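User: I would like to go through this model and ask, for several of the terms applied to it, what justifies them.

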There are 2 protein chains.
Amino acid sequence: MALTPARTMPGVLELLPLDQIAFQRMLDVIRRNYERFGFVPVETPVIEFSDVLLTKTGGETERQVYFVQSTGSLEQGEKPDLALRFDLTVPLARYVAEHEHDLSFPFRRYQMQRVYRGERAQRGRFREFYQCDIDVIGKDSLSVRYDAELPAVIYSVFRELNIGAFTIQLNNRKLMRGFFESLGITDGEQQTLVLREVDKIDKIGVDGVTEKLRLQLALDSRFEHGSQLTEDTIRKILDFVQVRSTSLQDAFDKLDALGPGPESMEQGRAELKEVLGLIRDFGVPETHYVLNLSIARGLDYYTGTVYETTLNDHPQIGSICSGGRYENLASQYTKSKLPGVGISIGLTRLYWQLRDAGLVATGQSTVDVLVTQMDAAQMPAYLALANELRSAGIATEVVLEGGKLGKQFKYADRAGIRFVIVLGEDEIAKGVVTVKDLRREDQFEVSRAELIKALRVELAQAEVGR
Amino acid sequence: MALTPARTMPGVLELLPLDQIAFQRMLDVIRRNYERFGFVPVETPVIEFSDVLLTKTGGETERQVYFVQSTGSLEQGEKPDLALRFDLTVPLARYVAEHEHDLSFPFRRYQMQRVYRGERAQRGRFREFYQCDIDVIGKDSLSVRYDAELPAVIYSVFRELNIGAFTIQLNNRKLMRGFFESLGITDGEQQTLVLREVDKIDKIGVDGVTEKLRLQLALDSRFEHGSQLTEDTIRKILDFVQVRSTSLQDAFDKLDALGPGPESMEQGRAELKEVLGLIRDFGVPETHYVLNLSIARGLDYYTGTVYETTLNDHPQIGSICSGGRYENLASQYTKSKLPGVGISIGLTRLYWQLRDAGLVATGQSTVDVLVTQMDAAQMPAYLALANELRSAGIATEVVLEGGKLGKQFKYADRAGIRFVIVLGEDEIAKGVVTVKDLRREDQFEVSRAELIKALRVELAQAEVGR
């Protein structure tokens, strides 16, 4: 039989075991923190009805949806009526609308699953990737206080992930909208056009954005006649979007310094002040969050607070956790008004970037101990020892195949297993075991009675240093 | 805008949060035990190239494969070259063949992901379901001792899942094949036909199988002329497949009592004896595993030891964990010989059946504590308290919206949150908190300093009793 080449499709991140362990640890940290803040888990099917997924026009092409057909449906030449989800927000909307009467509001869910997009194959673009989302959904209304809770969760997650200094950046869409109105840019589409350019400020700089806005002024018919985008207006826009705070008081001062504006600007300012103040009460240090008036986040979806999070020493990675407040989650499925606020961590891309930048440690297995085999006749002793260790919660593998001891050590080393136990005739007679610590390149003898305690101490220390 | 009905496709199990928590706990128990035995995690993409998935003929229709196409490919009228995996074994074979040179052997992996089959919509049939698999893969060879390790893992998993008494049933395909040869049924296809009938013994009983075998004798051309299936042969087959052991010694005795046979029967008997004996050394009580010579497990794939696991008090549920030994994992992708042994738990179906039978407890949230809101002005105090609890690993939600206290209690009750903390002016002045235990319908006052200790004790007790 001719062999089929074993391969995966482009755009997926398949990991070797030690990398998968590092990835799994990140998932665990995120989940633990989401749960600690009182979010409950939801999982939805990967496959949804296409008409449910694609209620918004233009979504299909834009999102590069993957359509799904069973063998039977394909054979009958039917059009696919199933598709893979492209994010977790549409399934959340569907879930809340479908189960509305069985849920308690505010509904606080976390969801950590993979999503699918038929992206062009390209380095760093993924067709399958994890999203780790939390959202708080209110029925009819939802206090702006929840907008302050999510940065506390972000802080808690990234502190424990231990991937370097980070900053949560906040803005408010009402404030932005109000500000544009104050400049005479009142039309939503106009605002969108300007926001799209402004969003690039961290990439192309102030001069780049100024240039783009001037081009806008010259080229776009919506601006030609009204001439709102005068040089003075452009300067004002650029002054606005360059606002960054250095402390909470500084954020308050800079917000006040914007001067009075139309109602939505005042609303946005009041919300931002409340949220920024509460974030401190949630225990987030002032060093870890700032006002950043250039953050716009998507152009239609968000309506109030918006967040981005960046690594201070790796700005090129971009936002590692984003989100914001939205007016109504599920208007395509239900007449109920369901305002919410949420954030999302795109973990596959983040992990890939961190690994690329050498910021994730790998090399350590989930297996703590390898019990070697000196003599097959002693198998019951090896198995009894392994049983003891496992009962104490220490992940243990026993060499069942045998072979030279050197080869067994090489296996442990390659598999990233830290402790190797040798239990020979001598050791059994003396009631001790020899433990080789492959990480420290060290070894020690310990009595059987003390073994578990000794290993636990070492493993707990490793956990702290991780 | 007309509303789109929010709904999922038939054949998926979407859970409400408290059920999802119960499901997640089962996943966690399985993972913890897999890791404790030294298995390392692997995840593979849900989408694979169709030609990689479907190397074996007949697979496509039989497995009811879901094919996948991106928007672009669909528009161009192309045939789909992508598909969703229908199990975790084919992806494992592809993974091992693809990464062979980066893996350490024996390769011990666990994989807990969803798989997809376009099943006919029917109660209890799932189109999307979790499989939780472990396999040990050897390079060139793999000691039969590993066949004894997997029952130890099964024992450990199901003991901790705590879903009632269970029995791991073992057989060996070589023993069966040798036994059939000794009856003159030497042709593989003939054996397959007989095995297919014998496999039904637990469903249709001895008389049912006898009847089926008689029909076989009368109808099937492969038996008509050779006439191997005499009444005497049928009786011998039925005596054989009814063999069950009551203890390890009894298993040895019953294996010996089968009498001498051809080489493969002797091989199978020797393997079974070694495996059964080692399982005891692995610490599995004799009450939890038996010899059952009717177990056949699939008809082509397995070549040696085969397992099924049943709940003693719920035989109608059928096997809850099955697997066995195979000769060569990935012959379709590589010339390397990769023998292995593995088991699989189909968790979605199992969970669904257990819930149906009232065997999984739900109703308790991952959220341990709800901090109520008496007075919005005290928000900083509530948040500081929540912070303390979270730092101690206690999952805590704070009511940020406010509203009547009674409504807040009702929310906690409905959401399955056990402890509700009341922190009023009095309590703050006295340095205490009032804790309501909604499960015990009890309440107590405790000093702030003692709160964490008190809650930890209660939560640890609940964990034990779970």
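**Terms and their grounds**

Analyst: In the model, which is predicted, Val433(B) has Val446(B) of S16(B) as its bridge partner.

User: What makes S15 and S16 of chain B a pair of strands?

Analyst: Pairing requires at least two bridges found by DSSP, and six bridges join strand S15 (residues 432–437) of chain B to S16(B), the two running antiparallel; therefore they count as paired.

User: Why are S13 and S16 of chain B called edge strands?

Analyst: The sheet is an open one of five strands in the order S13-S12-S14-S15-S16 (chain B), with mixed pairing. Strand S13 (396–398) and strand S16 (442–447) of chain B each pair on one side only, which is the ground for calling them edge strands. Neighbouring strands of this sheet are turned by 25° against each other on average, direction ignored.

User: How is helix H15 of chain B placed against this sheet, and at what angle to S13(B)?

Analyst: Helix H15 (residues 379–391) of chain B lies across strand S12 (369–371) and S13 of chain B, and runs at about 170° to S13(B). Angles here run from 0 to 180 degrees between N-to-C directions, so the helix and S13(B) point in nearly opposite directions.

User: How do you know that the length of H1 in chain A fits its number of residues?

Analyst: Helix H1 (residues 17–36) of chain A has 20 residues and reaches 28 Å from its first C-alpha to its last, close to the 28 Å expected at 1.5 Å a residue.

User: What makes Ile21(A) and Ile30(A) buried?

Analyst: A residue is buried if 20 or more other C-beta atoms lie within 10 Å of its own, and the buried residues of H1(A) include Ile21(A) and Ile30(A), so both meet that cut-off.

How values were computed. Residues are numbered from 1 along each chain as its sequence is written. Chains are lettered from A and ligands numbered from 1 in the order in which they are written. This is a predicted model: local features need pLDDT of at least 70, side-chain atom pairs count only at pLDDT 80 or more; totals for chains, interfaces and linings use all residues. Helices (H or I, at least four residues) and strands (E, at least two) are DSSP runs, numbered from the N terminus. The expected span of a helix is 1.5 Å times one less than its number of residues. A residue is buried if 20 or more other C-beta atoms lie within 10 Å of its own, exposed if 12 or fewer, and partly exposed in between; C-beta atoms are placed from the backbone. Two residues are in contact if their C-beta atoms, placed from the backbone, lie within 7 Å.
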